[in-house]
Amino acid sequence: MGRRRDVRFVSSGVKLPCASASAPSPPPSRAPAPAPALLTAALPFAHIGRAIDSAARRLGACLPGVPVARADQAPPGPPPPARRHGKDAGGGDEERVLISEVAVRGKDGEPLERPELEAAAAGALRACRPNAALTVREVQEDVHRVVESGLFRSCMPVAVDTRDGIRLVFEVEPNQDFHGLVCEGANMLPSKFLEDAFRDRHGKIINIRHLDRVIKSVNGWYQERGLTGLVSYAEILSGGILRLQVSEAEVNNINIRFLDRKTGEPTVGKTQPETILRQLTTKKGQAYNTAQVKRDVETILTMGIMEDVTIIPQPVGDSNKVDLVMNLVERPSGGFSAGGGISSGITNGPLSGLIGSFAYSHRNVFGRNKKLNLSLERGQIDSIFRLNFTDPWIDGDNKRTSRTVMVQNSRTPGTLVHGGDHPDHGPITIGRVTAGLEYSRPFRPKWSGTLGLIFQHAGARDDKGNPIIRDFYNSQLTASGNAYDDTLLGKFESIYTDSGDHSSTMFVFNVEQGLPVLPEWLSFNRVTARLRQGYEIGPARLLLSASGGHVEGNFPPHEAFAIGGTNSVRGYEEGAVGSGRSYAVGSGEVSCRMFGPLEGVVFGDYGSDLGSGPKVPGDPAGARGKPGSGYGYGVGVRVDSPLGPLRLEYAFNDKQARRFHFGVGYRN
C-alpha cells in the first residue's frame, strides 16, 4: 500500500482492496457481533493456535520415540531407535533426546526464498541448539516462539535420523505478502486511520504482531471517544488480503419512562416525549457513544424540569444493536416563592436597600418546557413587577432558538447618576415601563447570540411620585425635555463562555440602537463589552476582569454609565466615581480557599469615565463634584450559599475613605 493509487474505499465500511486485478474477492460478511453491551473480540490470528496445536501433536510422534522422517541416504528397513540422553535436568520423568543439528526450512523441506525469514525463525529458537539434549516440552516452547514471532502461519518440528545423529528441522510456512485490507462494519472509524496503519506494509509479509497492534489501536480509538466498538474478528484471506470485522453498537430505539419521585414506580409524566427526544444528540441508527449519552443526560437536567435522569442501554437479541431506556423523575412544575435581596442603587446604608420579593413560576407550561415567571419586588424605594414567558426551543426550529416575551414596570433609585442631592431635596427615582421580545440561539460552539426589540417609557419622579424634568442642580432629567422619554431599542448581544466555571473565560458584547420610528422617540447608540479571565495558580485563583462602553446620540442622563460601588470600583459609594458617555473599569483579585465553603479575597479596582462626564446631558457628575476616575483596594470573604456566593468586602479608595460592601453573586 505504498502508493495512493493502490488504495480506495468502497461500501459503507472501510475496504482497501488488492492492487492486483486478480486478487480474490472477500467472502460475504459474517453474522453480526454479540450484543454491544457484551461485545467480545475473537482471536485476530486464530491460525496461531491451530499451528501450535498441530505442532504439539507432531512432537508426540517425533520425540522421544521413532522419527517420522528419514534422510534420503538412510538404509531401508525399520528405523533405529532415537538416541536418548538421560532424564529431564529438572528431575522430571520426561526424557531428553540429543540433537546433533537444528535447521529451518520451508514447508516442502527446501530452504526459504527469503533469508531474512530463515534468520527470524532461527532467532526465535531458544532451547533448540546443535548438540543439545532436548525434551518435548522445550521443543514445543520453541515452536511457540517461532509462530508467535508473527511472521509464520505454521511451524512443524521434524526429527530426521542421520548418520551423525538426530537432525531437528523446523518446517515453517511464512504468511502471505500483504496486498490489501477489507474492514467491514467500521462506519465510525475514519478511513485514514487504517490507511496510515498499513501505508508502508504493501508487498511485505503479513506480520501478525503488527496486525495485533493495529487491532489494539482501533479498539483504543473507540474507547477514547466513548464509542462501543471493537475488532471482533480478523483473518488472512488468499491473495494476501487481510479481513477485519468491526462490531459497532448501534442505537435501536430510545424509550422514555417516567418514575414517581417518591416511590420510584412507573407513572404518567406531564412532559411531552418529543420535548425530551429533540434535546438528545443521540439518535436512532447512530453508533452508541457513552460520552454522548452522558452529555445528553446533562442537557436534559439543564432544562430544569427533571429531578433525576438515567439512561440504561439494553442489548437487542443477538444483534449489535442496543435499546436506550431513559428513566425520568420530574420536578414539581411550579409554585409560589418568597425571598429578598439588596439594591445596588442604595447608598445610604445596606438596610435601606433591602428588598422583599414574591414570585410565581411554572417551568413546564403545556408539558413543553416553556417557562412562565411572574414576580414582584418591593423595597423602601425600589419596586419591580416582571412578567416573562420563555420558550427555550421554538417548535419547528432546528437551531435551538429561544423566544422570550417580557413586560416590566419598575421604580428604581436614581442615586447612581443623580445622587448627592441637597438634604432639603428628596431622592429621585426613575420609573420605567418596558415591553420587549427577544430571540436567542447558539451559533457556534461556546458562542450564543440574542436579537431583541424593546420599547421603554421612562422618566424621573420626586419623592412624592410626581414627574419632574430637572433636579435640584437644575440639571435636566430627560433627553426630550418632556416628563417621559419614549425609546424603541434594537438589541444585539453575543456571549462567549468556555465553561461554566467562574474561573473560565467569558466575553460579552452588547449593542443597543434607538430607533426613531416617531420623531419624538430617542435615537442613540450604546456599545458595551465585558471580559473576564480566570487562572488557577496552585491553591489560589487569579481573576482578571475589564469592562467598557460608549453612548453616542441623544439619551437621558439616567442612562449614563455609573462608575463606583460593589460591582464597579469598591471603596466608593454606588456611582460616586463618575457618570459618563464612556467608561472603563478594570479589576483584579486573588482568592484562596480558607476552610469549608469560606474563601479569602484580596482585590484592586480602577475605573474612569474617560473624560466624558461633561458630555452627559446636564453634566450630573460635574454638578455633584464626582472625580471622574478612582481606584480602590481591600480584602474580603466569600461564602457559598443557595442564593449564590455571599460577599463581604472591606475596601479603601484613593481618597483614603473606607467602606464595607455586601453583595450576592459574582461581580458583573
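**Exercise 1. A charge and a ring**

Over the ring of which residue does the charged end of R570 sit, and how far is it from the ring centre?

*Solution.* The structure is a predicted model. In this model the charged end of R570 is placed over the ring of F603. The distance to the centre of that ring is 3.9 Å.

**Exercise 2. Classifying aromatic pairs**

Classify the pair F472 and Y473, then the pair Y650 and F652, by the angle between their ring planes.

*Solution.* Step 1: recall what is needed. A pair of aromatic rings is described by the distance of the centres and the angle of the planes. Rings pair if their centres lie within 6.5 Å, and planes over 60 degrees apart count as edge-to-face.

Step 2: take F472 and Y473. Their centres are 5.7 Å apart and the angle between the planes is 90°, which makes the pair edge-to-face. F472 has a relative accessibility of 41%, so it counts as partly exposed. Y473, at 32%, is also partly exposed.

Step 3: take Y650 and F652. The centres lie 5.3 Å apart and the planes stand at 80°, so this pair is edge-to-face. Y650 has a relative accessible area of 26% and is partly exposed; F652, with 25%, is partly exposed.

Step 4: place the pairs in context. The structure holds 14 aromatic pairs. One aromatic cluster is formed by F443, W447, Y496 and F507.

**Exercise 3. Positive phi outside glycine**

For R400 and L610, give the phi angle, the loop and the exposure class.

*Solution.* Step 1: R400 is not a glycine, yet its phi is positive, about 60°. R400 belongs to the loop between β18 (383-391) and β19 (402-413). Its relative accessibility is 32%; exposed would require over 50% and buried under 20%, so R400 is partly exposed.

Step 2: L610 is not a glycine either, and has a positive phi of about 60°. L610 is found in the loop between β30 (598-608) and α9 (620-623). At 55% relative accessibility, L610 passes the 50% cut-off and therefore counts as exposed.

**Exercise 4. The second largest pocket**

Describe the volume and the lining of the second largest pocket.

*Solution.* Step 1: the space in this pocket is about 710 Å³. There are 21 lining residues, and those closest to the centre are Q279, T299, T302, R400 and P442. R400 is the residue with the positive phi in Exercise 3.

Step 2: two elements, α7 (290-302) and β20 (429-444), each give two or more residues to the lining. The largest share comes from α7, with 6 residues.

Step 3: sorted by class, the lining of the second largest pocket contains 11 polar, 6 charged and 4 nonpolar residues.

**Exercise 5. Enclosed spaces**

How many cavities of 30 Å³ or more does the structure have, and what lines the largest cavity and the second largest cavity?

*Solution.* Step 1: the search finds 4 such cavities.

Step 2: the largest cavity holds about 50 Å³. Among the residues lining it are F178, F198, R201 and H210. Its lining has 5 nonpolar, 2 polar and 2 charged residues.

Step 3: the second largest cavity holds about 40 Å³. Its lining includes I254, V293, D296 and M326. The elements that give two or more residues to this lining are α7 and β14 (321-330). By class, the lining of the second largest cavity has 6 nonpolar, 1 polar and 1 charged residue.

Note on methods: Residues numbered from 1 in each chain as written. Predicted model: local features only at pLDDT ≥ 70, side-chain atom pairs only at ≥ 80, totals over all residues. Heavy atoms only, no water. 1 Å grid on protein atoms, 1.4 Å probe; cavity = no way out; pocket = protein on both sides within 12 Å on 5 of 7 lines; lining within 4 Å. Points joined across faces, edges and corners; volume = space filled by probe spheres on them. Helix = DSSP H or I, 4+ residues; strand = E, 2+ residues; numbered from the N terminus. Nonpolar A, V, L, I, M, F, W, Y, C, P; charged D, E, K, R; others polar. Phe/Tyr/Trp six-rings, centres within 6.5 Å; stacked < 30°, edge-to-face > 60°. Buried < 20%, exposed > 50% of the residue type's maximum accessible area, 1.4 Å probe, protein only. Lys NZ or Arg CZ within 6 Å of the ring centre and 35° of its normal.
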